[in-house]
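Please open the structure in your viewer and keep the selection panel at hand. The tour moves from one selection to the next, with a short account of what is there at each stop.

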Amino acid sequence: MARTLAEKVWDQHLVRKGEGQEPDLLYIDLHLVHEVTSPQAFDGLRLAGRPVRRPDLTLATEDHNVPTLDVLAPIADPVSRTQVETLRKNCAEFGVRLYPMNHAEQGIVHVVGPQLGLTQPGTTVVCGDSHTSTHGAFGAMAFGIGTSEVEHVLATQTLPLKRFKTMAINVTSKDGRLRPGVTSKDVVLAIIAQIGTGGGQGYVLEYRGNVIENLSMEARMTICNMSIEAGARAGMIAPDETTFAYLKGRDHAPQGAQWDEAVEAWRELRTDDEAVFDAEVDVDGDALTPFVTWGTNPGQGLPLGENVPDPEAIVDENERVAAENALAYMGLEAGQPLRSVKVDTVFVGSCTNGRIEDLRATAEVLNGRKVADGVRMLVVPGSMRVRFQAEEEGLDKVFTDAGAEWRSAGCSMCLGMNPDQLAPGERSASTSNRNFEGRQGKGGRTHLVSPLVAAATAVRGTLSSPEDLV
Amino acid sequence: MEKFSSHTGIGVPLRRSNVDTDQIIPAVFLKRVTRTGFEDGLFSAWRQDSSFILNQEPFTRGSVLVAGPDFGTGSSREHAVWALMDYGFRVVVSARFADIFRGNSAKAGLVAAQVAQPDVELLWKLLENEPGTEVTVDLREKTVQAKDITVPFEIDDYIRWRLLEGLDDIGLTLRHEEAITAFESQRPAHKPVTV
């Protein structure tokens with residue numbers, strides 16, 4: 001029978017098919033761990049006297065709590081420090097490899113997995129973090145789990161799961177390219193605005209079409225990363241030559257004869273021509289322009305050229321109330337041009353846009369320009385490797401010459417768990433993934449943007465795209 | 001996990017859609033390494049507003065939260081479920097739950113009862129007009145009842161069975177350990193290892 005990519009990967013990991021109402025039992029190839037969602041899971045193992053079944057399929061890194069300044073000093077916040085130290089103790093006790101702060105391989109868990117070559121086509125990848133969907137860019141089935149499930153995977157290397165539905169997101173344009181200044185971040189923000197924050201619930205999304213095929217691996221990761229913001233369990237892209245070229249030679253990628261064997265298996269990981277998705281959505285790539293959010297959920301976004309919407313014009317009552325609440329929280333007026341919105345802070349980084357290509361794009365816009373007076377800009381690499389690579393290319397110099405701050409690797413200002421936060425009422429243009437109330441710090445106001453829009457906004461001080469900089 | 005068959009308690013109407021897990025418990029409260037004590041973080045930003053529902057009697061004693069659609073979106077933090085339970089909630093009613101939140105609820109023993117939005121509206125009106133109204137959530141019958149309103153709810157059959165029996169997932173899975181070992185012996189050699 002014809003199957004979709006997601007169904008093929010599912011079937012390959014079936015330890016046991018559920019009977020009746022029982023879920024299937026799926027094998028997990030790679031379990032990524034960080035300090036926030038794991039302590040109670042390790043504690044559960046300890047209480048039950050259970051070992052970690054497969055430490056060799058488990059990898060931990062420190063990311064959410066880590067400061068990005070003064071990284072050689074102990075973490076100042078005692079509670080953050082305890083959480084990081086707890087991870088270190090747990091990894092030592094249970095034999096899990098850990099990349100701690102200041103290790104050359106440390107970084108955001110979703111940047112580390114792919115750059116090490118651990119994230120491979122056709123694998124199942126889980127992590128106690130909803131942005132695990134990032135790894136789907138390789139044709140992996142990757143999804144976020146809660147702490148009880150973290151414990152379950154540590155103990156059994158499996159998860160009981162009910163089959164997900166499948167949704168195709170077809171992104172096409174005449175020549176397969178996006179317009180200048182339009183990035184994969186704009187694509188995914190537009191998709192979420194189109195299908196809504198609940199549109200993907202219960203589904204694995206498969207991004208397809210000539211626009212997707214022409215994207216780099218890093219751009220694909222940005223799209224899959226935000227699948228969860230549409231409510232989806234996972235996002236996937238079929239592996240192709242771009243995927244294989246990215247993986248070849250990476251530390252944990254197969255070598256020699258195993259490489260050839262792997263590539264042969266990976267080539268089978270495509271949705272069959274006759275396969276039927278449970279739902280399909282078409283996105284016109286030619287119509288896409290730089291996209292920004294105006295509200296407090298990632299579905300509340302519009303093209304940068306538009307105005308802040310008027311809640312009165314929204315028919316659905318829940319949506320209208322949500323829009324009213326959002327405008328009040330964000331301090332915006334209905335009808336105000338988005339380009340007129342002034343920001344205090346610009347953040348480039350996170351598991352969504354903290355990779356080397358994102359930093360190159362940011363540097364290209366900033367090169368020879370200055371960050372506007374009164375605006376602070378943080379550029380935070382997603383991993384130590386990204387940091388070293390950027391420094392080798394001299395990007396750090398471009399950032400600091402422009403007046404931006406160049407930091408060390410971590411989740412940083414994506415979420416309010418470390419010292420990088422917005423003050424109450426402060427407004428940011430951020431390349432991260434969530435504009436929820438208080439996400440970047442209590443009372444902080446977030447506009448989600450691409451790295452290109454972030455850089456242009458930093459220069460002008462108001463939401464802008466590079467074409468505004470002439 | 002404790003068995004759950006039915007629960008009766010004060011219903012709390014929360015007229016908001018897209019209640020994301022950052023609202024349920026902000027990240028700053030996630031630094032604890034224990035399993036308990038998360039009640040202080042529950043809706044902590046909203047609770048600073050004196051008009052917020054959980055700052056009003058008798059809702060401070062509520063145990064059945066009736067919320068708008070798309071409850072529990074965003075971050076995978078199970079702490080959101082723990083915060084609700086530590087505060088005293090045993091049930092959340094909504095027309096639509098985010099997948100990860102629904103899964104986490106099932107593991108921790110919080111009932112995520114999916115009720116059609118028109119029925120949620122009925123419950124909201126009742127709970128707002130008569131604060132303190134008790135709501136009974138019957139997991140065997142899959143009904144939510146308050147005064148003369150009785151509405152059905154949906155929940156995954158397997159999750160329902162586990163909640164009714166109070167069964168631990170890991171124990172259930174380990175009954176199939178032979179199948180796991182057999183699967184492992186046939187995994188392709190090119191699959192990655194972290195060591």
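How many residues of domain 1 of chain A are in contact with domain 2 of chain A, and how many residues of domain 2 do they meet? Bear in mind while looking that this is a predicted model. To find the answer, select residues 5–281 of chain A as domain 1 and residues 336–468 as domain 2, the two parts into which chain A is divided. The contact involves 40 residues of domain 1 and 37 residues of domain 2, and the centres of the two domains, taken over C-alpha atoms, are separated by 24 Å.

Stay with this pair of domains and select H64(A), D129(A), H131(A), L415(A) and R439(A), which, among the 23 residues that line the largest cavity, are the closest to its centre. This cavity has a volume of about 200 Å³, and because domain 1 and domain 2 of chain A both give residues to its lining, it lies between them. Colouring the helices of chain A next will show that α4 (109–115) and α12 (350–353) each supply at least two residues of that lining. Coloured by class, the lining divides into eight nonpolar, ten polar and five charged residues.

The count of cavities of 30 Å³ or more comes to five, and the second largest is the next stop, with about 120 Å³ of space. Select I228(A), G231(A), T73(B), G74(B) and A98(B), the closest to its centre of the 17 residues that line it. The lining of this second largest cavity has seven nonpolar, seven polar and three charged residues.

Now turn to the nonpolar side chains. Select F43(B), F71(B), L84(B) and F101(B), which touch the most other members of the largest nonpolar core, a set of 86 residues. Helix α16 of chain A, residues 451–460, gives the most to this core, with seven residues, and at least three residues are drawn from each of domain 1 and domain 2 of chain A.

For a closer view, centre on F43(B) and show its surroundings: leaving aside residues up to four places away in sequence, F43(B) touches L14(B), V19(B), Q23(B), I24(B), F52(B), L54(B), L65(B) and L84(B). As a last selection, take C224(A), A234(A), V281(A) and L288(A), which are among the 77 residues of a second, separate core.

How values were computed. Residues numbered from 1 in each chain as written. Chains lettered and ligands numbered in written order. Predicted model: local features only at pLDDT ≥ 70, side-chain atom pairs only at ≥ 80, totals over all residues. Heavy atoms only, no water. Core = buried A, V, L, I, M, F, W, Y, C linked by side-chain atoms within 4.5 Å. Buried < 20%, exposed > 50% of the residue type's maximum accessible area, 1.4 Å probe, protein only. Helix = DSSP H or I, 4+ residues; strand = E, 2+ residues; numbered from the N terminus. Domains from an automatic or database assignment. Contact = heavy atoms within 4.5 Å. 1 Å grid on protein atoms, 1.4 Å probe; cavity = no way out; pocket = protein on both sides within 12 Å on 5 of 7 lines; lining within 4 Å. Points joined across faces, edges and corners; volume = space filled by probe spheres on them. Nonpolar A, V, L, I, M, F, W, Y, C, P; charged D, E, K, R; others polar.
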